[in-house]
Amino acid sequence: MEDGVLCQWSVFRSLLAIVQWWGFNVTVIIMNKWIFQKLDFKFPLTVSCVHFICSSIGAYMVIKVLKLKPLIVVDTEDRWRRIFPMSFVFCINIVLGNVSLRYIPVSFMQTIKSFTPATTVVLQWLVWRKYFDWRIWASLVPIVGGILLTSITELSFNMLGFCAALFGCLATSTKTILAESLLHGYKFDSINTVYYMAPFATMILAVPAILLEGPGVLLWFQTHTSIIPALIIIFSSGVLAFCLNFSIFYVIHSTTAVTFNVAGNLKVAVAVMVSWLIFRNPIAGLNAVGCAITLLGCTFYGYVRHMLSQQPPGTPRTPRTPRNRMELLPLVNDKVDDKV
């Protein structure tokens, strides 16, 4: 009886974790698009900077004030030698995501983001000389095919937004790969990651945001009719962006890797549907088919990775045993993603 109750509670906890993760993620995406499109606040660097500031304050509150998470202590040298390069890539990743939202629909942007597994594998193969099982490469085919079909049939295609989203995938892959190597020895969770990286990202982005977007922001303040409600929405998106990181920590510790992978792909489908209901951007039939193929490919990729990781000792795995020092870099953990 007790075992049954515990099992039911575990299932309920997992569902609750997934739903709140979906809620924060989709809300942040929709709010950012609303800021760019409806509020006419077309300043992705400034929006990213607001998110970093809110995340810095939120992580400090959770760790130092509320003490909901223990602080992982990092010495000063490692902060500059390891965390600062990570923060730079982290900053580029978020900025590119917001730039893409500025120019292309949420549905198209989310589909392109699903290209990240392919860019991760290719980067590890080209730069780190990793060798992968043929099943990994085969699982990338529907992802690439779906992205191509979606891009060709996108009715609201914009080259700048497309390139920003595509390079955002590269930045996400680079960030994840660097995290495995630069942060080796540190057991970072999503909150501690934000605690250390968000202040660096704010410092990196503040000057470019002021120089490139400062005059435009001042003009927006002078011409926009409803300043206070608009600022509430902008800063609320920053607060929710931090909450998204906290929700990632919760869902990772409440679900399995397979569940996380499937839920992540369903989350993209939910974001696409909600964005279409709100913004009514035109979606062609073949475009929707391409999106579906991409999401199914991502799910299959996650399944293959899981199956290969479950092989018993002595069974050939991917990647093969390293032949040189560079290949000692560990495999990417596909589980942690979507940080602010």
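How much area does the protein chain expose, and what share of it do carbon and sulfur atoms supply? About 16700 Å² is exposed, and carbon and sulfur supply 71% of that. Keep in mind that this is a predicted model.

Now the overall build. The protein chain has 11 helices and zero strands. Read from the N terminus, every element is an α. The chain holds 340 residues, and 50% of them are buried.

Next, contacts along the sequence. Take contacts between residues at least 6 apart in sequence. Of these, 88% join residues at least 24 apart.

On to the inside. The largest nonpolar core has 35 residues. Which residues have the most contacts inside it? They are Phe41, Ile112, Ile136, Trp220 and Ile234. Another core lies apart from that one. This other core has 31 residues, including Leu45, Phe52, Leu96 and Ala164.

Let's look at Phe41. Set aside its neighbours within four places in sequence. Phe41 then contacts Ile35, Phe36, Thr46, Val47, Val217, Trp220 and Ile234. Two of those names, Trp220 and Ile234, are also on the list of residues with the most contacts in the largest core.

One last residue: Asn93. Find it in helix 3, which covers residues 76-103. Is Asn93 buried or exposed? Its relative accessibility is 10%, and buried means under 20%, so Asn93 counts as buried. What does Asn93 touch, beyond residues up to four places away in sequence? The answer is Gly168, Ala171, Thr172 and Lys175. With Thr172 there is a polar contact, side chain to side chain, at 2.8 Å from Asn93.

Notes
Residues are numbered from 1 along each chain as its sequence is written. This is a predicted model: local features need pLDDT of at least 70, side-chain atom pairs count only at pLDDT 80 or more; totals for chains, interfaces and linings use all residues. Side-chain values use heavy atoms; hydrogens and water are left out. Helices (H or I, at least four residues) and strands (E, at least two) are DSSP runs, numbered from the N terminus. Buried means under 20% relative accessible area, exposed over 50%, partly exposed in between (1.4 Å probe, protein chains only). Contact means heavy atoms within 4.5 Å. Accessible areas come from the Shrake-Rupley method with a 1.4 Å probe; for residues, only the protein chains shown count as cover. A polar contact is a pair of N or O atoms within 3.5 Å; within protein, one must be able to donate a hydrogen and the other to accept it, and residues adjacent in sequence count only if both atoms are side-chain atoms. A nonpolar core is a set of buried Ala, Val, Leu, Ile, Met, Phe, Trp, Tyr and Cys residues joined through side-chain atoms within 4.5 Å.
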